[in-house]
Amino acid sequence: MKAIIVDDEKHVREGLLLLGNWRENGIDTIFEAEDGDEAIMLIKQHRPEIIFTDMAMPKKDGISLLKWISESDLPSVTIVVSGYDDYTFMRNAITYKSFDYILKPIDPDLLNETLERAVKKWKEEALLKRTISSIGDMETIPVRSTEPVSVSSMEKIEEYLRANYQQDITLQEIADRFYLSREHISRKFKQEYHETITDYVTRIRMEKAKELLANPNLKIYEIAYHIGYQNEKYFSKVYKKFFGMTPNEYRGSLVK
């Protein structure tokens, strides 16, 4: 696997190179770029699976780079590394489907935990695409299944939900992606996982929110946006319903 680090500060690039558990995660080639223009050239040429990018850079900045990556429909997983705890930066990172947003100075444990999850997501997406491609090769005429859905199909759907929980995923999108009927997916998923797809995604989001709340540097609205909620108040309402306390109350309990 390949990765690229995009940052106008050389010491930041060197720091990421030094701190990252690259080989342990199957990455043996790492490119460097000083700005978005250089990054686009290298990404076109080498198509790295993992992209780390700063936001504030000369020439083409991180927002422009994220937009280009999103519009190019690249299979890469993008991680923002920024020195700015900035609403606009984080909002754009979410809009253009960045996998995570790490603040400088970089915490080595957080960096490597994020890297490991990013690699896992890329592998899950690659497996999903190969599976769908294989299904397409076997079927001369695509038809929507009316037969009982196998457990393995539900496992693939569950993996897809875990990899994309930040997005607003509809049952129709899942049906189209996996060539299965909405009714069968809904019924079989609940049978296998004992909850609806909506409840399952909510639980993933709440578990991630609880994890992020342990970081006092993250604001509540940032956590809400990061896990897929556009409204902080709605997020707090869902969190309280799920855990019996608001995000602020939970955060307060951590320091007692």
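The legends below describe close-up views of a predicted model. Local features need pLDDT of at least 70 and side-chain atom pairs count only at pLDDT 80 or more, while totals for chains, interfaces and linings use all residues. Residues are numbered from 1 along each chain as its sequence is written, and side-chain values use heavy atoms, with hydrogens and water left out.

**View 1. Surroundings of Asp54, in the loop between strand E3 (50-53) and helix H3 (62-71).** Helices (H or I, at least four residues) and strands (E, at least two) are DSSP runs, numbered from the N terminus. In an unreviewed entry, UniProt places the feature "modified residue: 4-aspartylphosphate" at Asp54. UniProt positions are given in the numbering used here, feature names are shortened, and annotations may be inferred rather than shown by experiment. Asp54 counts as buried because its relative accessibility is 3% (buried means under 20% relative accessible area, exposed over 50%, partly exposed in between; 1.4 Å probe, protein chains only). Apart from its neighbours within four places in sequence, Asp54 is in contact with Val6, Asp7, Asp8, Gly62, Val81, Ser82 and Lys104; contact means heavy atoms within 4.5 Å.

**View 2. The cis peptide bond from Lys104 to Pro105.** Omega of this bond is near 0°. Pro105 belongs to the loop between strand E5 (100-103) and H5. Lys104 is also one of the residues in contact with Asp54.

**View 3. Positive phi at Arg47 and Lys97.** Arg47, a residue other than glycine, has a phi near 50°. Its place is the loop between helix H2 (36-46) and E3. With a relative accessible area of 47%, Arg47 is partly exposed. Lys97, also not a glycine, has a phi near 65° and is found in the loop between helix H4 (87-95) and E5. Lys97 counts as exposed, since its relative accessibility is 54%.

**View 4. Lys120 in helix H5 (residues 108-138).** At 52% relative accessibility, Lys120 counts as exposed. Asn25 is 95 residues away from Lys120 along the chain, and the C-alpha atoms of the two are separated by 8.9 Å.

**View 5. Buried residues of helix H7 (residues 171-178).** Ile174, Ala175 and Phe178 are the buried residues of H7. Seen down the axis of H7, these residues fall within an arc of 100°, so they line one face of the helix; the arc is that of the directions from the helix axis to the C-beta atoms. Tyr179, just after H7, takes a positive phi of about 60°.

**View 6. Packing of H7 against helix H8 (residues 182-193).** The two helices pack at an angle of about 105°, with their axes 9 Å apart. That makes H7 roughly perpendicular to H8 (65 to 115 degrees; under 35 counts as roughly parallel, over 145 as roughly antiparallel and the rest as oblique). Axes are lines fitted to C-alpha atoms, for helices over the stretch in contact, and angles run from 0 to 180 degrees between N-to-C directions. Leu171, Gln172, Ile174 and Ala175 in H7 meet Arg182, Ile185 and Ser186 in H8. The residues of this contact divide into four nonpolar, two polar and one charged.

**View 7. The span of residues 155-253.** UniProt lists these residues, in an unreviewed entry, for "domain: HTH araC/xylS-type". The span is 73% helix and 0% strand, and its end C-alpha atoms lie 36 Å apart.

Definitions and conventions:
Ala, Val, Leu, Ile, Met, Phe, Trp, Tyr, Cys and Pro count as nonpolar, Asp, Glu, Lys and Arg as charged, and the others, Gly among them, as polar.
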